Amino acid sequence: MQNTNWIAVEDYKFPGGWTSAGMGAGNAADKDARARALCRELEAGRILFFPKLPYEFPPDEREFLLSREWNELRLHKNVSYRPTDDVMRGFSGDHGTEMHLHHIVRNYSAHVIEFLRDFLRPYAGKWKLDFASFRPFEEQGRDLSLHKRNDLLHVDAFRLRPTRGGRILRVFTNLHATKPRVWYAIGDFGWLAQKYADGAGLRRFAANNGALRRSVSRWAATLGLKRLSRTPYDRFMLRFHDYLKENDDFQRNSPKVRLEFPPGATWMVFTDGVAHAAMSGQFAMEQTLLIPPEALVAPQSAPYRILERIAAARLC
Ligand SMILES: [Fe+2]
């Protein structure tokens, strides 16, 4: 199996953007080619890593986030922010703090999206913007139910936002002043699926996908009916997420790599394909984007295609 590791991106900086020789302001073709090559790496299960912020994040906003314990957020898993309608959820404290936090998270989300428009240009304009989040709590030893635990290896799947074969791209930044954010990760979805998909019931999900069911699901997707628009792929991935967290042998014995993301680092990864567990770390920001199948540069690497090959059946 292929080990996950990160690729440190050396030729993109903030401010300034692409810095490689030959990538002057007018040389869009070189930037397109470089961005396309990096999208291919991401889709194959690699993590792109930036030691320094590749987008704007005002130091006073970062200091404000680090200056408090955020105990008023403890009822929720994270603070979430939806850029499409500018709504923040998960905060229950005083109004002034809420307004300031909302301002910071809105700015963060806008700056990351602006950066991605240039950096991941093959996806720009084709993606669906999903939530951003602020994660102020120490991950080590969090008291969460088994299926919500972040420190168990899993692939991501969203209960109320089916992707219908699209991919879940997440950009993380470790805001902590001194502590790394520590992950375990497995980047080879082909290996993961070969070894565990049948045990999670892949063939049962694939069998339940006749022409009528597919047209109902397409119709539900155009009407925005989330639950009804789930494809067998979406239903399988929800099950796979839970199955992997429940599987003690997988958690203990799978050949994972340990990654330490240092303070100030940013990284991006397709978390529907790279199994990951956040073992420790505090104060992270994150922005999610959904990349539809038609925008992928290497669609044969997408989890739905890998699972379809194993099941010898359509899943979307
Ligand atoms: Fe996750």
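Which residues does Phe-131 touch, not counting residues up to four places away in sequence? The tour of this predicted model opens with that selection; local features need pLDDT of at least 70, side-chain atom pairs count only at pLDDT 80 or more, and totals for chains, interfaces and linings use all residues. Residues are numbered from 1 along each chain as its sequence is written, and side-chain values use heavy atoms, with hydrogens and water left out.

**Strand 7 and the loop after it**

Select Phe-131, which is placed in strand 7; strands (E, at least two residues) and helices (H or I, at least four) are DSSP runs numbered from the N terminus. With contact taken as heavy atoms within 4.5 Å, Phe-131 touches Ser-80, Tyr-81, Arg-82, Pro-83, Arg-161, Glu-286, Gln-287 and Thr-288, not counting residues up to four places away in sequence.

Move next to Glu-139, in the loop between strand 7 and strand 8. Glu-139 counts as buried, at 2% relative accessibility; buried means under 20% relative accessible area, exposed over 50%, and partly exposed in between (1.4 Å probe, protein chains only). Residues up to four places away in sequence aside, Glu-139 touches Asn-150, Arg-181, Ala-278, Met-279, Ser-280 and Gly-281.

**The iron site**

Now display the iron ion, coordinated at 2.2 Å by His-154 (NE2), Asp-156 (OD) and His-276 (NE2). Donors are N, O and S atoms within 2.8 Å of the metal (3.2 Å for Na, K and Ca); water is not among the atoms, so sites may look incomplete. Along the chain, the donors of the iron ion follow the spacing H-x1-D-x119-H. His-154 lies in the loop between strand 7 (128–135) and strand 8 (167–174) and His-276 in strand 12 (residues 275–280), so the pair ties together parts that are 122 residues apart in sequence. Both His-154 and His-276 are buried.

**Helix 4 and its two partners**

Select helix 4 (residues 189–196) together with helix 10 (residues 303–311): they pack at an angle of about 40 degrees, with their axes 10 Å apart. Axes are lines fitted to C-alpha atoms, for helices over the stretch in contact, and angles run from 0 to 180 degrees between N-to-C directions. Helix 4 is therefore oblique to helix 10; angles under 35 degrees count as roughly parallel, over 145 as roughly antiparallel, 65 to 115 as roughly perpendicular and the rest as oblique. In this contact, Phe-189, Gly-190, Ala-193 and Gln-194 of helix 4 meet Pro-303, Ile-306, Leu-307 and Ile-310 of helix 10.

Keep helix 4 and add helix 8 (residues 232–246), where the packing angle is about 80 degrees and the axes are 12 Å apart. This makes helix 4 roughly perpendicular to helix 8. Phe-189, Leu-192 and Tyr-196 in helix 4 meet Met-237, Phe-240, Tyr-243 and Leu-244 in helix 8.

**Backbone stops**

Most residues other than glycine have a negative phi, and most peptide bonds are trans. Select Phe-14 and Pro-15, which are joined by a cis peptide bond with omega of about -5 degrees. Pro-15 lies in the loop between strand 2 (12–13) and strand 3 (17–18).

Continue to Asp-86, a residue other than glycine whose phi is positive, near 55 degrees. Asp-86 is in the loop between strand 5 (79–82) and strand 6 (87–89), and counts as partly exposed at 30% relative accessibility.

Finish at Arg-164, which is not a glycine yet has a positive phi of about 50 degrees. Arg-164 is found in the loop between strand 7 and strand 8, and counts as partly exposed at 25% relative accessibility.
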